[in-house]
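Subject: Structure handover

Hello,

Here is the structure for your files. My notes on what was found in it follow below.

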Amino acid sequence: MARRNLFQPPPPPDTDNSAVQAGEQKVRFPNTGAMSGVKSTLKDVASNAVREISVNVIEENGPKDRLSFSDADVVKLAESIKAHGQQVPIMVRPIADKPGHYKIVYGRRRLRALRSLGIPAKALVRSLSDEEAILAQGQENTQRLDPSFIEKALFAAELSSSGYEQAIILDALAVDKPMLSRMTKVARSIPKSVIEQIGSAHGIGRRRWEELADQSRNDSIDLEQITAALELDAAKSPDDRFSMICDAVNQVLKPKATSKPVPSPTLSIKLSDGTVLAEVKETARALTVKLSKAEAPEFAQWMRNNAEAELTRLYKAWQSKQKPD
């Protein structure tokens with residue numbers, strides 16, 4: 001028989017969280033020191049029932065594994081809870097130096113919706129260390145909410161800055177060391193303010209985020225300045241906002257077309273009566289003299305027959321003038 005995840009009982013048909021899969025899911029905790037502490041308390045956890053706790057004594061501080069959700073999301077969830085009740089409990093842990101107060105482990109959006117309704121929260125209360133709480137938070141959200149690559153990257157960077165050991169971060173996100181390195185690189189290269197304006201962008205995978213991170217390290221790229229100049233509100237989705245920023249970055253990095261030399265104007269040689277005798281055209285590689293057969297056919301023919309002698313004579317005349325006196 002499959003064992004239940006004792007951190008969270010299987011939820012009824014979803015109302016306040018459409019991502020919950022029907023039926024029970026077997027949960028495997030990584031075999032780490034932090035999780036061994038969790039396993040040692042599971043016997044006690046099994047007998048604990050869901051409690052109702054005032055939302056006023058629950059604090060929301062701590063690492064976030066999701067980009068901010070909109071007010072519309074909270075309103076929609078609140079309407080569902082009002083109609084059907086809170087079907088999925090949140091998880092909290094007691095605050096040691098504030099008796100009767102708790103810290104949220106997971107379920108921030110549900111907590112916001114319950115606050116807006118002014119009703120108590122159904123919560124699982126667990127005495128967890130910081131490391132155990134992070135593991136429970138990462139596990140719950142990875143299984144139920146399917147966070148995007150950039151949300152995981154920000155979560156990893158925040159955990160790292162908060163001093164959590166690499167082993168804890170790897171287990172919380174269920175990733176290996178190379179992937180964690182890539183996530184951290186992206187989160188540290190792209191300004192957080194830009195990421196927040198883009199949003200979760202579930203359709204944008206690791207490679208495209210890495211490309212943008214690589215481009216952002218170019219000296220000519222200021223992502224915050226580029227983003228501020230765009231009308232991101234006109235975009236329909238976070239994926240579209242990401243594409244708008246990438247297009248703008250590519251425009252900045254696009255090689256400038258080499259300016260073509262301006263050709264010299266054609267010199268027209270005319271006789272006193274207006275007859276066009278010849279045209280002289282200059283390019284970067286040649287000087288062309290074009291005689292008109294239409295207006296001076298006899299001269300053109302004479303020049304054709306005497307070109308060698310006349311050009312040699314002209315060259316010698318020019319050469320003689322180049323000699324110093």
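Two packed helices are described by the angle between their axes and the distance between the axes. The axes here are lines fitted to C-alpha atoms, for helices over the stretch in contact, and the angles run from 0 to 180 degrees between N-to-C directions. Please keep in mind that this is a predicted model.

Helix pair

Helix 7 covers residues 166–173 and helix 8 covers residues 177–189; they pack at an angle of about 95°, and their axes are 10 Å apart. Angles of 65 to 115 degrees count as roughly perpendicular, and helix 7 and helix 8 are therefore roughly perpendicular to each other. On the helix 7 side the contact is made by Gln166, Ile169, Leu170 and Leu173, which meet Lys177, Leu180 and Met183 in helix 8. By type, the residues of this contact divide into 5 nonpolar, 1 polar and 1 charged.

Whole chain

The chain has 13 helices and 8 strands. Of its 325 residues, 39% are buried. The exposed area is about 20,200 Å², and carbon and sulfur atoms supply 50% of that area. Among contacts in the chain with a separation of 6 or more, 68% are between residues 24 or more positions apart.

Five-stranded sheet

One open sheet has 5 strands in the order 1-5-3-4-2, with mixed pairing. Strand 1 (51–53) and strand 2 (58–59) are at its edges; each has a single partner strand, so one side of each is left without a neighbour in the sheet. Within the sheet, strand 3 (residues 90–94) and strand 5 (residues 121–125) run parallel and are joined by 3 bridges. Val92 stands opposite Val125 in strand 5. Helix 4 (residues 108–117) lies across strand 2, strand 3, strand 4 (102–106) and strand 5, and runs at about 125° to strand 4.

Three-stranded sheet

Another open sheet has 3 strands, in the order 6-7-8, and its pairing is antiparallel. Its edges are strand 6 (267–270) and strand 8 (287–291), each with a single partner strand, so one side of each is left without a neighbour in the sheet. From one strand to the next, the twist averages 20°.

Strand 6 and strand 7 pair in the antiparallel sense over 4 bridges, with Ile269 opposite Ala278 in strand 7. These two strands form a hairpin with 5 residues between them, and Gly274 in the turn has a positive phi of about 95°.

Strand 7 (residues 276–282) also pairs with strand 8, again in the antiparallel sense, over 5 bridges. A hairpin of 4 residues joins strand 7 to strand 8. On this side, Glu282 stands opposite Leu287 in strand 8, and the bridge partner of Ala278 in strand 8 is Leu291. Ala278 therefore has a bridge partner in strand 8 as well as standing opposite Ile269 of strand 6.

How many of the 5 residues in strand 8 are buried? The count is 0, and strand 8 is hardly covered. Strand 8 is also one of the edge strands of its sheet.

Regards

Key: Residues numbered from 1 in each chain as written. Predicted model: local features only at pLDDT ≥ 70, side-chain atom pairs only at ≥ 80, totals over all residues. Heavy atoms only, no water. Pairing = 2+ DSSP bridges. Parallel < 35°, antiparallel > 145°, perpendicular 65-115°, else oblique. Contact = heavy atoms within 4.5 Å. Nonpolar A, V, L, I, M, F, W, Y, C, P; charged D, E, K, R; others polar. Buried < 20%, exposed > 50% of the residue type's maximum accessible area, 1.4 Å probe, protein only. Areas by Shrake-Rupley, 256 points an atom, 1.4 Å probe, with all protein chains shown as cover.
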